Amino acid sequence: MTAVASRGPIERGRGSAPRPRSGPRSSTSRRTLGRVLPLLPAVLLLAAFMLGPIVYSLYGSLTDRAMTGPRAANPQFVGLDNYAQLFASPEFWSSLGLTVVFILASAVIGQNVLGMLLAVLLRSAVKPLRSLVGGLVVLAWVLPEIVAAFALYAFFSKDGTLNAVLGWVGLEGTSWLYYFPLMSVIVANIWRGTAFSMMVYNAALSEVPPELTEAATIDGAGAWQRFTRVTLPVIRRSISTNLLLTTLQTLGVFTLIWVMTGGGPGTQSSTLPVLAFQEAFKFAQVGYGTAIATVTLLIGAVFSIVYIKILKPEVD
């Protein structure tokens, strides 16, 4: 009788439902939710002001929208007709080639090489000289783009500062913006954007451990060997990041080129942003111009993927 009674509560306990417990999985979910919720407003803002315009631009490139006439009020969906017309246009391929040359010469080579050179030289210069040169270089970067564009137009024009300086030393000037338009805007963009690269590389060089450089010096490495075999590998990630930023910034340069050359003479300095503006607002073909802008966006995405792949082994 006692044995049966003692088994009763045990059997009733086995048959009752288990009490819910908060395990590690639920606590992980709460932590994840706590991390995601503060980011939700930023994600919504990015979706509204970045993803939204990109999607709308992509849709606009698939229509025949114009600036005036019936197609301005009621554009029709034309599919990939704008892209077919674009890829069959010699002007597009010429503009694409000019854009690649402009990016490689002024951003990948010009701004990065000159920025690195200035950062290295200024670190070994006396403080007054470092402050003077650094201030002059940064001045070009902090100027509003439209102001810098007009200043550079005045510098390269036929009666401008450059030809005046050449005349002082007995050399004959030329109409730089007419005979060398692409070279002029490349030099202008290098002058405009070098300060950013200089500041990035100056910060990166300050993070190089001094003991690495001292060890290389003790081993007999010269200045060039220390720079190429010690400094550059250490700041490799900063170089890749700066290449990405300067490339994307240069890909979207419009005001500088438009003020200095207007994309001319002819189409000799008409990069993709200039071509998109001309087609959309000068020739009133908004859908076609939007297709050019969309292709420009895709080119920027390709550059971003390439640089991210370069960064990935070090990040991992």
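**Exercise 1. Find which residues form the nonpolar patch on the surface, and which helix gives the most to it.**

Solution. Start with the members: L33, L37, L39, L40, V43 and L44 make up a nonpolar surface patch, and together they have about 580 Å² of accessible area. (Areas come from the Shrake-Rupley method with a 1.4 Å probe, and for residues only the protein chains shown count as cover.) A patch here takes residues with over 30% relative accessible area and no salt bridge, joining nonpolar side chains (Val, Leu, Ile, Met, Phe, Trp, Tyr) within 5 Å and like charges within 9 Å. A salt bridge, in turn, needs a side-chain nitrogen of Lys or Arg within 4 Å of a carboxyl oxygen of Asp or Glu.

Next, the helix: α3 (residues 40-60) gives the most, with 3 residues. (Helices, H or I with at least four residues, and strands, E with at least two, are DSSP runs numbered from the N terminus.) L40 sits in α3, and L40 counts as partly exposed because its relative accessibility is 41%. The scale is: buried under 20% relative accessible area, exposed over 50%, partly exposed in between, with a 1.4 Å probe and protein chains only.

**Exercise 2. Work out where this model deserves caution.**

Solution. You're looking at a predicted model, where local features need pLDDT of at least 70 and side-chain atom pairs count only at pLDDT 80 or more, while totals for chains, interfaces and linings use all residues. Residues are numbered from 1 along each chain as its sequence is written, and side-chain values use heavy atoms, leaving out hydrogens and water.

Now the scores. pLDDT is the predictor's confidence in each residue, from 0 to 100. The protein averages 85, and 90% of the residues score at least 70. Among its elements, helix α15 (residues 255-260) has the highest mean, 94, and helix α1 (residues 2-15) the lowest, 47. Over residues 1-13 the pLDDT is below 50, and this stretch has 0 contacts beyond near neighbours in sequence; a contact means heavy atoms within 4.5 Å. Where pLDDT is low, don't read the predicted coordinates in detail.

**Exercise 3. Describe the aromatic pairs F92 with W93 and W224 with F227.**

Solution. First, the rule: rings of Phe, Tyr and Trp (its six-membered ring) pair if their centres lie within 6.5 Å; planes under 30 degrees apart are stacked, over 60 edge-to-face, and the rest tilted. That gives 13 aromatic pairs.

F92 and W93 are edge-to-face, at 5.1 Å centre to centre with 70 degrees between the planes. F92 is buried at 2%, whereas W93 is partly exposed at 46%.

W224 and F227 have centres 6.1 Å apart and planes at 35 degrees, so this pair is tilted. Both lie in helix α13 (residues 223-234), 3 residues apart, about one turn of the helix. W224 is exposed at 64%, while F227 is buried at 18%.

**Exercise 4. Decide whether helix α16 is largely enclosed or not, then check the loops on either side of it.**

Solution. Count first: 8 of the 11 residues of α16 (residues 272-282) are buried, so the rest of the structure largely encloses this helix. Those buried residues include L272, P273 and Q278.

Then look at the loop between α15 and α16, where P265 lies. A cis peptide bond joins G264 and P265, with omega about 0 degrees.

Finally, take the loop between α16 and α17 (286-315), home of A284. A284 isn't a glycine, yet its phi is positive, about 65 degrees. A284 is also buried, at 19% relative accessible area.
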